[in-house]
Protein chains: 2
Amino acid sequence: MADVSITATSKPRAAASGQASSEAAPTAGEPYFDLIELLFFAYRDFVGDPDEVLAKLGFGRAHHRVLHFVNRNPGMKVADLLDILKITKQSLGRVLKQLIDEGYVVQKEGARDRRQRLLYVSPAGEALAMKLAALQTARISRVLAELGPGGREAARRFLAGMIEAEDRDHVLRLIARADSLVERERASARDDNP
Amino acid sequence: MADVSITATSKPRAAASGQASSEAAPTAGEPYFDLIELLFFAYRDFVGDPDEVLAKLGFGRAHHRVLHFVNRNPGMKVADLLDILKITKQSLGRVLKQLIDEGYVVQKEGARDRRQRLLYVSPAGEALAMKLAALQTARISRVLAELGPGGREAARRFLAGMIEAEDRDHVLRLIARADSLVERERASARDDNP
DNA sequence: GCCATTAGGTCAGGTATGTTGACATATTTC
DNA sequence: GAAATATGTCAACATACCTGACCTAATGGC
């Protein structure tokens, strides 16, 4: 990003302290412009790293989301994915088909319910998903190292709070369950006694 | 979001503690899946509030971004906006034209350089921009109230750290400068002695 | 066993937002 | 006067969404 020089009304002043001038809390309805804009820029760079890798494979952000959640929730149903991503079946169908055709995702018929097409990542799919997660983790790690102890918990609480109240518990459960799911998958890969 | 029940490998276990099981720090390259996913869900809900309002006006997220930055940086050049949004002139042209045609943004010829078309929000544009910012601020306010003192600064440091290092200083300057710009605009609207 | 429901897939067509590339016009700068 | 700059525009295209309609196969209630 080049310098953005506002020419019309710009006059020399205390501009550019480097750290956005802080702690003038938006008491009477003053918008939190700083956090609004930081969230915009932070999110863009956060998804930017994976985007570059994906573009080389002919994939986009939509493929990333599908691959990510399937990797995190092996054996999930198509309907679960639709629910998490909040997109339509048709939209999911297109990207899912590409991921399957190119061997990153596989479907298995449900054992109890044979209508279901349970979703799993292939070894290549897991490798890609983990590569993308590693890129994002690297960015996060750098930040948390700068923030020191408590930074992770603070970030987590802020972000969790930003989630729509109605969905928040579901999301937190999803994250917790996925953690234990992946752990269980690994255990049963080492040793067939989950 | 409905319940997402993973049927294939799911067995009863310590799932769903409500608060994602914490503080098992990703030491040896363990991805920060929790923060990755929280960022995804938080951002989606963060932009979701404005999206609803915008949809009723026939606008999309692209219009929001343009309107937001013009509101925050009155008198900015088209080139500045291209630089912030990192999109092409043609993409910007389409949404900018709509915002101008519908009276939310106005252009004025630059005084020093008459090639420039400096961008300003109209009163209607400012009202809309502030309405959208208020929605996002309401969400943020609720979170910060839950987090207690220091929450805002922690969130700001986390988000600022997530921005690409190369751009970070520019963004922080942009935010700081916009704060003082808006303040100055208001002062000169009250009293013609900036 | 019949039938409604469910899980999933697919066709057809439309919108929003982005892209490249090529030009055009006015203005400033050297 | 020529080169560079700020902006706008035309044309064509790609992606990622959407709505609506319709299909198959399997399940489950009765």
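**Entry 1: the surface near DNA strand D**

I started with residue classes: the surface near DNA strand D has twelve charged, eight polar and four nonpolar residues. Near means that a residue has a heavy atom within 4 Å of the strand. For the classes, Asp, Glu, Lys and Arg count as charged, Ala, Val, Leu, Ile, Met, Phe, Trp, Tyr, Cys and Pro as nonpolar, and the others, Gly among them, as polar.

A note on the source: this is a predicted model, with local features needing pLDDT of at least 70 and side-chain atom pairs pLDDT 80 or more, while totals for chains, interfaces and linings use all residues. Residues are numbered from 1 along each chain, chains are lettered from A and ligands numbered from 1 as written, and side-chain values use heavy atoms, without hydrogens or water.

Next I looked up who comes nearest: of the 24 residues around the strand, these are A:R65, A:Q90, B:K89, B:Q107 and B:R115. Of the strand D atoms within 4 Å of the protein, 54% are sugar or phosphate and the rest belong to bases.

I then checked single atoms. A polar side-chain atom of A:S91 sits 2.8 Å from a phosphate oxygen of strand D, and a backbone N or O atom of A:R114 is 3.1 Å from a phosphate oxygen. For B:R115, I found a side-chain N or O atom 2.5 Å from a base oxygen.

**Entry 2: helix α2 of chain A**

Which helix gives the most to this surface? I get α2(A), with four residues. Helices here are DSSP runs of H or I with at least four residues, numbered from the N terminus.

α2(A) covers residues 61-72 and reaches 16 Å from first to last C-alpha, close to the 16 Å expected at 1.5 Å a residue. The expected span is 1.5 Å times one less than the number of residues. Nine of its twelve residues are buried, so the helix is largely enclosed by the rest of the structure. Buried means under 20% relative accessible area (1.4 Å probe, protein chains only).

I picked A:H68 in this helix; its relative accessible area is 8%, so I log A:H68 as buried. A:H68 touches B:F33, B:I36 and B:E37, leaving aside residues up to four places away in sequence; contact means heavy atoms within 4.5 Å. The side chains of A:H68 and B:E37 also share a polar contact of 2.7 Å.

**Entry 3: B:R72**

I looked at B:R72, in helix α2 of chain B, and found B:R72 buried at 1% relative accessible area. Its side chain makes a polar contact of 2.8 Å with that of B:D179. A polar contact is a pair of N or O atoms within 3.5 Å; within protein, one must be able to donate a hydrogen and the other to accept it, and residues adjacent in sequence count only if both atoms are side-chain atoms.

Note on methods. Helix = DSSP H or I, 4+ residues; strand = E, 2+ residues; numbered from the N terminus. Buried < 20%, exposed > 50% of the residue type's maximum accessible area, 1.4 Å probe, protein only.
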